[in-house]
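Thanks for coming. I will take a few minutes on one structure, mostly on its helix packing and its salt bridges.

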Amino acid sequence: MSGDDRITLEELRYISVFHSITGVTAYRCIVDEENNRLIFLVSEGEAGRAIGRGGRLIKLLREALGKNIEVVEYSSDLERIVKNLFPGVKIESINVRERNGVKQVVIKVSEDDKGAAIGKGGKNVKRARLVLNKLFGVEKVVIR
């Protein structure tokens, strides 16, 4: 992994609260100050359990931590985690390239899914960039 893989004390505290409320162990917690959200990375297949029926556990977490909560299934495989970051979006191709020393991921999606992939105000692209930067040193995420 070439990202900044250190876990801060703040992240550890969030991971601990996440576990005590959901019973699911988060691999990582990524703090997104700009959007007042926490992105928890959990083992594949554990997202539903962490979210709870009808989003019940996420609501409890939001109240306990005062932040928006998102859960993403972790993978050490870059292509797989990209797919996990964009659930419900049909991804046609994923290309990783380096330009002028900047590692970027270009994600080609169907025209119909472009809005969903980008998200309101670019929220989903920002989430992908935060997660991929932390884990893989990716600095730019482009949706085509």
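One term before we start: a residue counts as partly exposed when its relative accessible area lies between the buried range, under 20%, and the exposed range, over 50%. By that rule E92, at 41%, is partly exposed. Keep in mind that this is a predicted model.

E92 has a partner. Its side chain meets that of K108 in a salt bridge, 3.4 Å from N to O. The two sit in distant parts of the chain, E92 in strand 4 and K108 in strand 5, 16 residues apart. K108 is also partly exposed, with a relative accessible area of 41%.

Now helix 1, residues 9–22. Its 14 residues should span 20 Å at 1.5 Å a residue, and its end C-alpha atoms are 20 Å apart, which agrees. Which residues of helix 1 are buried? They are E11, Y14, I15, F18 and T22. Down the helix axis these fall within an arc of 100 degrees, so they line one face. The general reason is that an α-helix has 3.6 residues a turn, so residues three or four places apart point the same way. On the face turned away we find exposed L9 and S20. The cover over the buried residues includes strand 1, helix 3 and helix 6.

Helix 6 also supplies a salt bridge partner: E11 pairs with K134 at 3.6 Å, N to O. E11 is in helix 1 and K134 in helix 6, so this pair ties together parts 123 residues apart in sequence. E11 is buried at 3%, and K134 is buried at 16%.

In the whole structure, the search finds eleven salt bridges.

Note on methods. Residues numbered from 1 in each chain as written. Predicted model: local features only at pLDDT ≥ 70, side-chain atom pairs only at ≥ 80, totals over all residues. Heavy atoms only, no water. Helix = DSSP H or I, 4+ residues; strand = E, 2+ residues; numbered from the N terminus. Expected span 1.5 Å × (residues − 1). Buried < 20%, exposed > 50% of the residue type's maximum accessible area, 1.4 Å probe, protein only. Arc of directions from axis to C-beta. Contact = heavy atoms within 4.5 Å. Salt bridge = Lys/Arg side-chain N within 4 Å of Asp/Glu carboxyl O.
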